Amino acid sequence: MTTKAYAAFNAVDPLGAHTIERRTLNAKDVFIKIDYCGVCHSDLHTAKSDWGPANYPAVPGHEIVGRVEAVGSEVSKFKVGDIVGVGCMVESCQHCHSCDEGLEQYCENGFTGTYNSKNSKYGGITYGGYSENIVVEEEFVLNVPTNLPLENVAPLLCAGITTWSPLRHWNVKKGDKVGVVGLGGLGHMGVKFAKAMGAHVVMITTSEAKGADAMKLGADEVLISKDADQMKQHAYSFDFLLNTIPVAHDVNPYLLLLKLDKTMCMVGAIEPFPIHGGVLINKRRNIAGSLIGGIKETQEMLDFCGEHGIVSEVEVINMHEINEAYVRMQKSDVKYRFVIDMKTL
Ligand code: NAP
Ligand code: ZN
C-alpha cells in the first residue's frame, strides 16, 4: 500500500517528502501505524552515506513505536490495538547458531536492517520509521510497556538496547566504576542503565556544559576528556568503559583509564583507528565492540524499563524539522534524543 514517508534523496540535499510502497500482509506480518520515531545518529550516517553509498531514496528511522492496526492470519503474539515497537532489525535467517541463541544481530547469514537494507525475502530495499506505517514479521515486533510515555520509549528500541546489551554482557554490577563516553542519545541511556545496575557512573564528555545534566541523569562524576590533568587523575581506575563517540578518534587516552584486565566497548566509530599496543599490553587491557542487541534481550530491556520507570529524555520534533535536528546532532547539540511525532508527517 502507498505510504507517506520522508527520505534522503542524496548525500547533500535536505530530506523531504516521499511516498513508498509497503507490502500487503503475509501470514506472519504485523501492520503498525507509527506514532513516534526516534532519530539515531545512524540515520544521519546513512542519509549522508558516511558508511558507504546509501540506497537512495533512503527512509531512515529504527526507533519505532506505534499501534497494531492489522495482523496476518498466523500472527499469535499480537492483536489489533496493541502498543508495539520495532528496532534496528526486521528479519534474520532464524536458523543459524546466532539466531538460535537469540543473537539475531549477529546472524551468520546477515540480518535485514529496518532501513537501507536489501530485503532478501521480499525484495527491494527496506524503508524505516520516518513513515506513516510499517509491516514487520511478528518475530521482530516488541511489546512496549504501557505505563511509560510512548515518545520517551521510542529511543529504547536502538539507543536503549545498544547500551543495555554491552553493560549486561560485561556484567556491570554494583560498585563497578563505569565510564560512559559521549553524552548523546546512546550515552544518556548508558548512564541511566549503568546507574540502575548499581555502578558508580562517570560521564566522560567533551562538552563541559553537559556536566550538570549528566549528574541529573544519574552520573556520580563528570570527567572532561579534553582536560589531560583530569584524565590522569582517573588513570587505571575504571572497570568498564562504553564508548559511544560516532567517529574514529584517538582511543588511547580512554584505554589508559582502564584497570588491569578491563574492557572498553566501542559502539559508535566503525572506521579504522590506531591503537597503541603498549596501552593494551601493559595492563592486559581489552578493546571490544557490540552491535545493538537480540530480540529477546530487547524485550527484557523494555520490561526492565517498564518496571523501573526508565525512559529516554527526548525533544519531540515535527517531521519537517528533521534537517535542523541533523545539523544540531552533528554539533553534539541534542538533549538527548530527537523523536519525531509522526502525526506531523
Ligand atoms: P549522538 O546523539 O550524536 O551522540 C554522540 C555523542 O558523542 C555526542 O553528543 C558527543 O558527546 C560525543 N561526540 C561527538 N563527536 C565527538 C568527537 N569527534 N569526539 C569526541 N566525542 C564526540 O549519537 P548517538 O545516536 O548516541 O550514536 C552514537 C554512535 O553510535 C553513532 O555512530 C551511531 O551510528 C552509533 N550506533 C551504534 C549502534 C550499535 O549497535 N553499535 C547502535 C546505534 C547507534 P559529548 O558532547 O558528551 O562529548
Ligand atoms: Zn540507532
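In this short talk I will go through the surroundings of ligand 1, then one pair of helices, and finally a few backbone features.

Please keep in mind throughout that what we are looking at is a predicted model.

Let me begin with the ligand. How many residues surround ligand 1? There are 28 of them, and the closest are Thr-205, Thr-206, Ser-207, Lys-210 and Arg-337. If we sort the residues of this shell by character, we find twelve that are nonpolar, 14 that are polar and two that are charged.

Turning to individual contacts, a polar side-chain atom of His-41 lies 2.6 Å from an oxygen atom of ligand 1. Two further contacts come from the backbone rather than from side chains: a backbone N or O atom of Val-267 lies 2.9 Å from a nitrogen atom of the ligand, and a backbone N or O atom of Ser-290 likewise lies 2.9 Å from a nitrogen atom of ligand 1. As for how much of the ligand is covered, on its own ligand 1 has 920 Å² of accessible area, and the protein covers 89% of that.

Which elements give two or more residues to this shell? They are helix 1, residues 41–47, and helix 5, residues 185–196, and of these helix 1 gives the most, with three residues.

Helix 5 also brings me to the pair of helices. In general, two packed helices are described by the angle between their axes and the distance between the axes. Here the axes of helix 4, which spans residues 159–169, and helix 5 come within 8 Å and cross at roughly 50°, and the two helices are therefore oblique to each other. The crossing of helix 4 and helix 5 is right-handed.

Finally, I would like to turn to the backbone, where it helps to remember that most residues other than glycine have a negative phi, and most peptide bonds are trans. Against that background, the peptide bond from Tyr-56 to Pro-57 is cis, with omega near -10°, and Pro-57 sits in the loop between helix 1 and strand 4, residues 64–71. Another cis peptide bond joins Lys-335 and Tyr-336, with omega about -25°, and Tyr-336 lies in the loop between helix 11, residues 322–330, and strand 17, residues 337–341.

Where, then, is Asp-261 found? Asp-261 belongs to strand 14, residues 258–266, and its phi is near 70°, which is a positive value in a residue other than glycine.

Definitions and conventions
Residues numbered from 1 in each chain as written. Chains lettered and ligands numbered in written order. Predicted model: local features only at pLDDT ≥ 70, side-chain atom pairs only at ≥ 80, totals over all residues. Heavy atoms only, no water. Near = heavy atom within 4 Å. Polar contact = N/O pair within 3.5 Å; in protein donor to acceptor, adjacent residues only side chain to side chain. Areas by Shrake-Rupley, 256 points an atom, 1.4 Å probe, with all protein chains shown as cover. Helix = DSSP H or I, 4+ residues; strand = E, 2+ residues; numbered from the N terminus. Nonpolar A, V, L, I, M, F, W, Y, C, P; charged D, E, K, R; others polar. Axes fitted to C-alpha atoms, helices over the stretch in contact; angles between N-to-C directions. Parallel < 35°, antiparallel > 145°, perpendicular 65-115°, else oblique. Left-handed = near helix turned anticlockwise from the far one by under 90°.
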